[in-house]
Amino acid sequence: MGINFNELANDWFNTKKKTVKAGTSSCYYTILFKGLIPYFENKEINNKTIQEYVIHCTHVKMYSNRTVKDHLKILNYVLRDVLHKNEFDVEYPTILEMRKTDSKAFSVSDIKKIRQYTVDNLDNQYCLAILF
């Protein structure tokens, strides 16, 4: 009989939320219920699927390596009673690998247009945020 990750995560969260501050509990909730549970709900959890999760988070969701490490810490906490080891054998993409995406930078003329627009619209709070 396989392990139901959803049940395991819910049990861990319900126990943990009683012992941590509300902000920490909120972070755990977001990581579990917006990230880990939806991704691993119908998947076997092993190094391959965890590595795929890392790639999914860094390339599709564009999370930082630090954020992904936080997700893996929570996954480790949830699974530590089931797994015999405490770390996952995954690799984090380098900055150069992450820059190979199809995203394009603004051209010099685009930057000049943005700057001029923000100066012309200083009363707009979003334009002020761009300047500072």
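**Exercise 1. Find which helices the buried residues of helix 1 pack against in this predicted model.**

Solution. Start with the helix itself: helix 1 covers residues 5-16 and has 12 residues. From its first C-alpha to its last it reaches 16 Å, close to the 16 Å expected at 1.5 Å a residue. Next, pick out its buried residues, which are Phe5, Ala9, Trp12 and Phe13. These four cover an arc of only 95 degrees around the axis, which puts them on the same side of helix 1. A general rule helps here: an α-helix has 3.6 residues a turn, so residues three or four places apart point the same way. Now turn to the other side of helix 1, where Glu7, Asp11 and Thr15 are exposed. Finally, look at what the buried residues meet: they pack against helix 2 (22-40) and helix 4 (65-79).

**Exercise 2. Work out which helix gives the most to the largest nonpolar core.**

Solution. Begin with the core as a whole, which has 21 residues. Those with the most contacts inside this core include Phe5, Leu32, Phe40 and Val78. Then ask where its residues come from: helix 1, helix 2, helix 3 (47-60) and helix 4 each supply at least two. Helix 2 gives the most, with 7 residues. To see one member in place, take isoleucine 74, also among the residues with the most contacts inside the core. Leaving aside neighbours within four places in sequence, isoleucine 74 is in contact with Trp12, Tyr28, Ile31, Leu32 and Leu36.

**Exercise 3. Decide whether threonine 58 is buried or exposed, and name the residue its side chain joins in a polar contact.**

Solution. Locate threonine 58 in helix 3. The cut-off for buried is under 20% relative accessible area. Threonine 58 has 1% relative accessibility, so it counts as buried. Its side chain and that of histidine 59 are joined by a polar contact of 3.0 Å.

**Exercise 4. Compare cysteine 27 with cysteine 57, and give the number of disulfides.**

Solution. Cysteine 27, at 47% relative accessibility, counts as partly exposed. Cysteine 57 has a relative accessible area of 1%, so it is buried. As for disulfides, the structure holds 0.

**Exercise 5. Describe the protein as a whole: how many helices and strands does it have?**

Solution. Count the elements: there are 7 helices and 0 strands. Read from the N terminus on, they run α-α-α-α-α-α-α. Then consider burial, where 25% of the 132 residues count as buried. Last come the contacts with a separation of 6 or more, of which 52% link residues 24 or more positions apart.

Technical notes:
Residues are numbered from 1 along each chain as its sequence is written. This is a predicted model: local features need pLDDT of at least 70, side-chain atom pairs count only at pLDDT 80 or more; totals for chains, interfaces and linings use all residues. Side-chain values use heavy atoms; hydrogens and water are left out. The expected span of a helix is 1.5 Å times one less than its number of residues. Buried means under 20% relative accessible area, exposed over 50%, partly exposed in between (1.4 Å probe, protein chains only). The arc is that of the directions from the helix axis to the C-beta atoms. Contact means heavy atoms within 4.5 Å. A nonpolar core is a set of buried Ala, Val, Leu, Ile, Met, Phe, Trp, Tyr and Cys residues joined through side-chain atoms within 4.5 Å. A polar contact is a pair of N or O atoms within 3.5 Å; within protein, one must be able to donate a hydrogen and the other to accept it, and residues adjacent in sequence count only if both atoms are side-chain atoms. A disulfide is a pair of cysteine sulfur atoms within 2.5 Å.
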